[in-house]
Structure formats: structure tokens, C-alpha cells
Protein chains: 2
Amino acid sequence: MSVADKNLAKEKFMHFLAHKNLRITSQRQTIIDVVFSTDKHFTAEELLEWSRQRDKSVSRATVYRTLPLLTESGMVREMDFGKDYKFYDPNYADHPNHNHIICQDCEKIVEFESDKIEEIETEITKRLGFSIKAQRLQITGSCEELKKLGACKKKGC
Amino acid sequence: MSVADKNLAKEKFMHFLAHKNLRITSQRQTIIDVVFSTDKHFTAEELLEWSRQRDKSVSRATVYRTLPLLTESGMVREMDFGKDYKFYDPNYADHPNHNHIICQDCEKIVEFESDKIEEIETEITKRLGFSIKAQRLQITGSCEELKKLGACKKKGC
DNA sequence: GTGCCTGCAAAGTGTTTGCAGTAGA
DNA sequence: TCTACTGCAAACACTTTGCAGGCAC
């Protein structure tokens, strides 16, 4: 995702806030700057840490209160791999149809797209009568390092 | 899943316990009976409730300590839909490749199978070099009742 | 000035665990 | 007998919330 795209997403989010009569406080500004300056997937705790590096006054509560706004706006996607904590994906705005594979050891997350998912959706709609709101294919597996070495050197790469 | 299949799964699980030198206590027996007498997906809390109806002495701790054994044996599958609690699927032994669609209102869960998922897995393995351990395609949508009435009458059907 | 927003700390929720007594094999 | 197993309650980890003061607009 290019810098220009990132800035566009950021701007859209600002509009989203304005539209809902929500204020752009300095803490929110910091959090937004952080989110829209990375491609990395992150956890709430990581977002707090990164934000505090720029502005000590950002609190855990504000991070947790801002994350739902980010997901509601569609600029960030929440991901749940069945771990205790959730991951957030800041690349969602540009690629709303991608899915994820996570390494079971180092938790490296790789994105991918596949037309076949849409095909499955069509199949489901016809067969079961559900209309589909959201779909997420989340795959757990071994990255190449884990396969070769039996363990990954660093976590959360 | 037929009654015969259920009993087979139950028997397999007993073997699994015996093989690991684990005991069949009366509480475990109750939990096992409950699990292998339903087709329904359930939560830990529901399993506790149902078990207590048969035997008051079953505690929450024992339920939580037994669930990992059930999943480890392959007779039950753990499912995570991003809700606070996990669901467990007792129909996994017979249909190890099925996936789930959950209604966003009443949380009704419907199972389905599709060859396309395997195709996606093959694609991933080739393209990204990951080997796949587990996959969960989780679809959220509206069941027919929700589509027609705008809301579902009962939750957790 | 209005009321949304903040940090703090306490509360909440699903799940796990230490302990001392219990019971299966 | 020998230990795995049990219930209980406290502990846990992540997330949410009540409150009193603060700040964007």
C-alpha cells in the first residue's frame, strides 16, 4: 500500500469522524498517524506501545476506544485467529477481499487473495438461503522457517 | 450423524483416554455422554449446564479440563467466530472437512462442505511456501428468518 | 459553554490453575 | 496403593466501563 493510499485512507477516516460529530483529539491524532503509517498487522497492545512512543499521554483505554471506530469506518479490519488477542489489519481499505495465513509459531501473517472464495460464497447463498455479510478465511500453518528449522527465531515478525 | 456413528466416536474417545492412561471418572463419563448424544454445536458453558442436569457434581473446571482432551482426540472441533467464547462441534469425526456459516443475529450455525477450500489450500501452499495445519472459513450472514423479519425470534437456535 | 473525550483504576468475561481431599485402576 | 482427578475459589489476560476532570469546537 503506497504512501498516497495511506494518506487517502487517513483522510477518509477523518471524514468518518467529522461525519459522526466526533472530535480529533491529540491522542486520537497520534493513534491515527501510527495506524496509517504502517503496513504491519498489529495487536491493541502494540498499537498502544507505538502510540506512546510518539505521545506518552495516550492511554490503553483510548486505544481500545478508538479501535472500534477504525473498524467501523472500514479502514481497518479486525482479525481473530483464535488467540487470546485480536490482530488488526491496516491494509483493508485498499484490498477488502484479501485473507490471511498465520504461522503457528512466529505468528507471521501473510495476505493473499483468491477468486475461489467468491465462488464459495455464491455456492452457499444458493444452497443454504443465507445472505452473506462477511467472510474470513483464516489459515494456520508453518512458515518456511518453521518447516526447515523446527522453530522460528523471532516471534511476531 | 447417526446414533451408531456417535457411539463409534464415543468408543474411539474412550480408547484415546485409555491409551494415555487417563481415567474414566463419573464426571468425565457424564460429559462424554452429553457430547456424544447431540449434534448441536455448543459452548463450554452449555456443556456444563447439560452435564449438570445429569450429574450435579460436574464442575466448570472439569468441563474446561475435558474439552482439550476432546479436541486433541479429534472427536470434537473447536471453532472461533471472533465472539467472546468458543463453540465446539461434535460432528467433526465424521466430516473433518466441513465449515460453518453463522447467523449474525440468532447465531444459528449451519455446516457445509466445499471442494473449493482444498483447491485454495493447494494454491496457497504452492504460492506462499506455507504448509497448512488448520483452516477456518467462517462466514457471517443473515439466515432466512433474519432476512424476512429483520430480526430472529430466538437466539442460539 | 457544551458535551465528547481523556486517564485512571476497578470491574467484567471467559478460561486456567493451585490446593487439598477423593477415587479410579 | 498410587496418582490422576475433582471442586472450589483465586488467579489470569484481554477488554470494557464508571468517574471526575479536560479540551475540541
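This passage describes how two protein chains are arranged in a predicted model and how they meet two DNA strands.

The relation between the two protein chains is considered first. Chain A can be superposed on chain B, with an RMSD of 0.3 Å, by a rotation of 179° that is accompanied by 0.0 Å of shift along its axis. The two copies are thus related as by a two-fold rotation axis. In keeping with this arrangement, the same surface serves both copies, with 100% of the contact residues of chain A recurring in chain B. Among the residues of chain A, the one that comes closest to the rotation axis is L137(A), whose C-alpha atom lies at 2.3 Å.

Within chain A, the domain assignment distinguishes domain 1, which covers residues 1–96, from domain 2, which covers residues 97–156. Taken over C-alpha atoms, the centres of these two domains of chain A are separated by 22 Å. The domains also touch, since contact is found between 15 residues of domain 1 of chain A and 13 residues of domain 2 of chain A. The size of an interface is often given as the accessible area lost when the parts come together. For domain 1 and domain 2 of chain A, the area buried between them is about 1300 Å², of which 44% lies on carbon and sulfur atoms.

The surroundings of DNA strand C draw on both protein chains. Around this strand there are 21 residues, of which R23(A), S57(A), S59(A) and T62(A), together with Y64(B), come nearest. The residues of the surface near DNA strand C comprise 8 that are nonpolar, 5 that are polar and 8 that are charged. At least two residues of this surface are supplied by each of three helices, namely α2 (26–35) of chain A, α4 (60–72) of chain A and α4 (60–72) of chain B, and the element that gives the most to the surface near DNA strand C is α4(B), with 4 residues. Where atoms of DNA strand C lie within 4 Å of the protein, 63% of them belong to sugar or phosphate, and the rest belong to bases. Individual polar contacts involve each of these parts of the strand: the side chain of R65(A) places an N or O atom 3.0 Å from a base nitrogen of DNA strand C, a polar side-chain atom of Q27(A) lies 3.3 Å from a sugar or linking oxygen of the strand, and a polar backbone atom of I24(B) is 3.2 Å from a phosphate oxygen.

DNA strand D can be described in corresponding terms. Of the 21 residues around DNA strand D, those that come nearest are Y64(A) and, from chain B, R28(B), S57(B), S59(B) and T62(B). Sugar or phosphate accounts for 67% of the atoms of DNA strand D that lie within 4 Å of the protein, and bases account for the rest. A base nitrogen of DNA strand D lies 3.0 Å from a polar side-chain atom of R65(B), while Q27(B) brings a polar side-chain atom to 3.3 Å from a sugar or linking oxygen of DNA strand D. A phosphate oxygen of this strand is 3.5 Å from a backbone N or O atom of K86(A). Two or more residues of the surface near DNA strand D come from α4 of chain A, and likewise from α2 (26–35) and α4 of chain B. The largest contribution to that surface is made by α4(A), which gives 4 residues. The surface near DNA strand D consists of 8 nonpolar, 5 polar and 8 charged residues.

Technical notes
Residues numbered from 1 in each chain as written. Chains lettered and ligands numbered in written order. Predicted model: local features only at pLDDT ≥ 70, side-chain atom pairs only at ≥ 80, totals over all residues. Heavy atoms only, no water. Near = heavy atom within 4 Å. Polar contact = N/O pair within 3.5 Å; in protein donor to acceptor, adjacent residues only side chain to side chain. Nonpolar A, V, L, I, M, F, W, Y, C, P; charged D, E, K, R; others polar. Least-squares fit on C-alpha atoms with pLDDT ≥ 70 in both. Contact = heavy atoms within 4.5 Å. Domains from an automatic or database assignment. Buried area = accessible area lost by both parts, 1.4 Å probe.
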